[in-house]
Structures are given as C-alpha cells and as structure tokens.
Amino acid sequence: MAVHAKTSFRFKLPEFLLVILMLVSGACLGFSTGSFVVNFSRIGFSIVSTVEKSVFAVTDTVKNTVNAVKELAELKKNYDELSKKLENYQQMQRTNAEIRKENEQLKEQLGFSQLTAQKNYPAQIIARDIDKLYASLIIDKGSSNGINKNMPVIAYQNGNIGLVGKIVEVGKFTSKIMPVYNLDCTVSARIQNTRDLGLVSGMGSVDEPLSMKYIRKRVLNDLHYGDIIVTSGENGNYMRDIPLGTISKISVLDYNSSLDIELAPVIDFSRLETVIVVDQSQSKDGQDAQ
C-alpha cells in the first residue's frame, strides 16, 4: 500500500524580507527614472484644477448674486430719490401756479384801486358763512387798517367791476361783509339803459339770482335780457353806477303792478378771492370827498 507524502508551503522570514526589499528597490528605481512622478503629478493637477474650478464657479455665483442684490438696492434707492424729487417738483409747480394766479388777481385789484378816486383798501377773503339767513364774507382787514362799518365793498373780476356788498361788522384785524346775495341786503339800483329806479335784494345763496322789484310794467317793452343793473348812488350807501347784475328773467304778475325781474350777478361769488373796501368819505389824498 503506497503512502502519499503531504506537501506544505511555508513562507519563511528571509524570503518575505527579500520580497519587500525587491518591491522597495523597484519603487525607488521607478521614482528615480521619473515614470511615477509624471503620473502622480497629472493626477494631482487634475484633482486640484477640478476643485479650483468648482470653488471659482461657486465663488463667482455668490459674488454675482451679492452684486445683483447691491445693484437692486441701489436702483431702488435711486428710484425713491427720483420719485421724491418728482413729487417735490410737481408740488413746486402747483405752488408756483397758485402764486402766479394770486399775484395776477392782486395786481388786477390794485390796478383798479389806483383808478378809484376814493380812498380804498384792497383785502382778501379769508372765510365764508353760506347760511341763507346770515350769509357773509370775512376779510383780512379791520379797524387797524382804516376799515369802518357801512363802507361799500366792490371787486374787479375778469375785467368787470361789480358790487360785492357792505361792511357790517369790524374787528381790529378782520371785518365782515354782508354780500348782495344776503336775504337782508337791499340796494337802490337803476336799469342802466332806461334809468328806471328799483330795489335789488338777494335770495340767500351764491347759486341763486338777485331779485329786482318796483320796476313799472309799462317799461316792459324797453327792457331786454342782458341789460345791466347798476347802483343808483342814492342814500349814500353805495357809489353811483357800480354794476350789480344783468337781467336774466322778466316775469309779469297779474296781481302786482310792477315787474318781477331776476338778475345774474356780475360777480362770480363762488370764485371771488379779493375785494376792495371803499371809503367814500375821503379821497386818495386824504381830503374829505365832496
């Protein structure tokens, strides 16, 4: 019977050291020839360049985003500043337009006041009472400026002279005017063309016409729409021949011996801003008026 011998392989220390020595020697030889250096250099460059590219891309994106945010904030700031400047400019334009208009009105009033023989006081309306029973206008002139009760008040508006009313109350720095449209205001007046005498009174509102009474029916054919009604100058309350209004309606009432006439006021009271208070007792040079 044959017996097979069992074979075994044992790795001894001397052989292991020999293998390690051979590997180290080969590696040293490879590095010394430069073959390994080139490969590792390429790998390192590829890795580093990829990382640098990624970092640059991220950094550039963040930088662009930050710049965009800054630019947007700057644009908004500039827009707000321009909007504010535009608003200020528009407000300044409106203010300048109002000042020019006010100056034109004052110049118009002052120009007319210089032509008036009597002493007079240009004034500005600062308040209004539109109550029908107590309709009034408040002006910025009072006793300290020479204003007295019962002085007539006129205005020069759009090239037309017209009667506004008369002073009924006087304070130190302000005065109250009873306008011709007040229910309690009655003015002796004449039809300019025919010289017929009557009385003009108000109906309590700037939106309503004036009323003229006591014009005889027999002069009906001599009257026309648009005829001018002026102050008569009687009783010393108002100057003579100051326009009050124009005839807008004529009614014939069977039960009345006189005509019922409506007038369109010469003065547009809803737009009236400045007036002239006249002192009939004195001329401009300070002499007593005759």
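**Note on a predicted two-barrel model**

1. Strand β5 (residues 175-179) is mostly covered, with four of its five residues buried. Buried stands for under 20% relative accessible area, exposed for over 50%, and partly exposed for what lies in between, with a 1.4 Å probe and protein chains only. Strands (E, at least two residues) and helices (H or I, at least four) are DSSP runs, numbered from the N terminus.

2. On provenance, the model is predicted: local features need pLDDT of at least 70 and side-chain atom pairs count only at pLDDT 80 or more, whereas totals for chains, interfaces and linings use all residues. Residues are numbered from 1 along each chain as its sequence is written, and side-chain values use heavy atoms, with hydrogens and water left out.

3. Strand β5 has pairing partners in β2 and β4; two strands are taken to pair if DSSP finds at least two bridges between them. With β2 (residues 136-139) the pairing is antiparallel over three bridges, and Leu 137 stands opposite Ile 177 of β5. With β4 (residues 160-170) the pairing is again antiparallel, over five bridges, and here Glu 169 faces Lys 176 of β5. Four residues lie between β4 and β5, which form a hairpin.

4. These strands belong to a barrel of six, closed in the order β1-β2-β5-β4-β3-β12 with antiparallel pairing. Its neighbouring strands are turned by 45° against each other on average, direction ignored; axes are lines fitted to C-alpha atoms, for helices over the stretch in contact, and angles run from 0 to 180 degrees between N-to-C directions. Within this barrel, β3 (residues 152-157) and β4 pair in the antiparallel sense over six bridges, and Ile 154 has Leu 163 as its bridge partner in β4.

5. Six further strands close into a barrel in the order β6-β7-β8-β11-β10-β9, also with antiparallel pairing. Here the average turn between neighbouring strands is 40°, direction ignored. Strands β9 (residues 228-231) and β10 (residues 243-251) run antiparallel and are joined by three bridges; Val 230 stands opposite Pro 243 in β10.

6. Is Thr 246 of strand β10 buried or partly exposed? Thr 246 is partly exposed, because its relative accessible area is 25%. Beyond its neighbours within four places in sequence, Thr 246 is in contact (heavy atoms within 4.5 Å) with Gly 226, Asp 227, Ile 228, Glu 262, Leu 263 and Ala 264. The C-alpha atoms of Thr 246 and Ile 261, which are 15 residues apart along the chain, are separated by 9.9 Å.

7. Helix α2 (residues 35-115) holds Met 92, which is partly exposed at a relative accessible area of 45%. Leu 86, Tyr 89 and Met 92 form a nonpolar surface patch with about 310 Å² of accessible area together. Patches are made of residues with over 30% relative accessible area and no salt bridge, joining like charges within 9 Å and nonpolar side chains (Val, Leu, Ile, Met, Phe, Trp, Tyr) within 5 Å. A salt bridge is a side-chain nitrogen of Lys or Arg within 4 Å of a carboxyl oxygen of Asp or Glu.

8. Overall, the protein has two helices and 12 strands, in the sequence pattern α-α-β-β-β-β-β-β-β-β-β-β-β-β. Of its 290 residues, 29% count as buried. The protein exposes about 19,500 Å², of which carbon and sulfur atoms supply 57%; accessible areas come from the Shrake-Rupley method with a 1.4 Å probe, and for residues only the protein chains shown count as cover. Among contacts between residues at least 6 apart in sequence, 56% join residues at least 24 apart.
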